[in-house]
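Biologist: Got a minute to walk me through this one? I'd like to know what I'm looking at before I go back to the bench.

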Amino acid sequence: MSRCLVIGANGFIGSHVVDALASKGHEVTAFDRFSSGEVSFSSPNVTRHAGDFLNHADLADALANQKFVFHFLSTTTPAIADNEPTLDIRTNISQSVDLFQLCANAAIEKVYFASTGGAIYGDQGHSRYRETDLALPVSPYGIAKLTIEHYLRYFRAKHGLDSVSLRISNPYGTRQHPRKTQGLIPIALRQIALGEPVLRFGSGTMIRDFIYVEDVARVIAEMTGIETEHDVYNLGSGRGNTVNNVLETIRKVTKQDFDIRQVPIPPTFVNKVVLDTTRISAEFSVRSLISLEHGIEKTWAGQLESAFR
């Protein structure tokens with residue numbers, strides 16, 4: 001098995017990737033600030049490396065003797081980036097380029113990057129989006145993710161740094177922080193637990209592709225160390241659900257009624273995004289995915305009381 005460095009290891013997706021890699025027998029180093037003192041991942045045999053993503057020396061130190069790097073850290077959410085469009089440029093883009101240069105210097109074998117399958121295609125009106133479709137993001141968050149993908153191509157051409165970008169749709173599940181401004185399902189569950197109205201953008205007809213986070217981590221662990229046919233993959237369920245469908249499923253799972261407070265749809269939000277997952281399904285096991293209802297059940301059951309305070 002291989003030495004793997006997960007950057008953003010204490011975050012939502014990153015912590016699940018840590019557990020999935022460790023379960024496969026990889027030697028995992030978890031890089032994060034760990035500023036709260038809490039650890040999100042559950043695997044005991046993981047090396048913790050406390051450091052700041054924005055610190056060159058911290059990254060260089062963490063990369064020593066690693067084989068694979070998983071870049072699963074973002075300093076912004078779509079809402080934060082929308083309100084401060086230069087933040088992604090100053091943090092995510094700039095430091096990702098620094099990270100890739102350090103990876104090239106350290107002879108890292110492959111970088112796995114968590115891109116976005118929700119914002120990167122823009123609103124082109126397709127029934128499903130394939131990796132070969134134009135990426136036309138209109139949000140700063142999506143623009144930044146696409147820019148980082150392009151820099152990975154530069155480092156492949158210039159330095160031979162192999163990489164794969166995973167355009168993940170709308171992941172949800174346990175460990176997703178309900179107080180943040182990203183994630184319809186955990187935010188709605190928190191509001192229900194508090195007895196407060198659930199916020200809904202517009203009339204609830206927006207369509208999204210939701211995938212349970214453990215499915216995301218499982219596929220990533222499966223593809224680790226495998227020579228992939230492509231450098232970009234959509235990773236989603238391949239199924240679309242309206243916001244109203246999701247809220248009705250939440251109502252069914254929680255067995256609680258709740259009020260809905262409608263707010264305007266931000267102008268950079270796309271109306272419909274469903275991913276075509278044919279490419280990744282041809283190479284890896286993306287078929288046996290947890291259903292939306294089962295995933296929401298697991299998320300609701302796994303929420304700690306302290307998460308709603």
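Modeller: Sure, one term to begin with: buried means under 20% relative accessible area, exposed means over 50%, and partly exposed is in between, with a 1.4 Å probe and protein chains only. This is a predicted model, where local features need pLDDT of at least 70 and side-chain atom pairs count only at pLDDT 80 or more, while totals for chains, interfaces and linings use all residues. Residues are numbered from 1 along each chain as its sequence is written, and side-chain values use heavy atoms, leaving out hydrogens and water.

Biologist: OK, Ser139 then. Buried or exposed?

Modeller: Buried, with a relative accessible area of 8%. Ser139 sits in the loop between S5 and helix H5 (140–159). Helices (H or I, at least four residues) and strands (E, at least two) are DSSP runs, numbered from the N terminus.

Biologist: What does the side chain of Ser139 reach?

Modeller: The backbone nitrogen of Gly142, at 3.1 Å. That's a polar contact: a pair of N or O atoms within 3.5 Å, where within protein one must be able to donate a hydrogen and the other to accept it, and residues adjacent in sequence count only if both atoms are side-chain atoms. Not counting residues up to four places away in sequence, Ser139 also touches Ala119 and Thr268, contact being heavy atoms within 4.5 Å.

Biologist: Switching topic: how many disulfides?

Modeller: Zero, counting a disulfide as a pair of cysteine sulfur atoms within 2.5 Å.

Biologist: Why no bond for Cys4?

Modeller: Because the closest cysteine sulfur, in Cys103, is 13 Å from the sulfur of Cys4, too far for a bond. Cys4 is buried at 0% relative accessibility, and Cys103 is buried with a relative accessible area of 0%.

Biologist: And the sheet, what's the strand order?

Modeller: S3-S2-S1-S4-S5-S6-S11, an open sheet of seven strands with parallel pairing. Strands pair if DSSP finds at least two bridges between them. S3 (46–50) and S11 (232–235) are at the edges with a single partner strand each, so one side of each has no neighbour in the sheet.

Biologist: How many bridges between S5 and S6?

Modeller: Seven, joining residues 110–116 of S5 to residues 162–168 of S6 in the parallel sense. Ala114, for one, has Leu166 in S6 as its bridge partner.

Biologist: Last one: which residues is Val263 in contact with?

Modeller: Leu199, Arg200, Phe201 and Gly202, leaving aside neighbours within four places in sequence. Val263 lies in strand S13 (residues 260–263) and is buried, with a relative accessible area of 16%. The C-alpha atoms of Val263 and Arg200 are separated by 6.1 Å, though the two residues are 63 apart along the chain.
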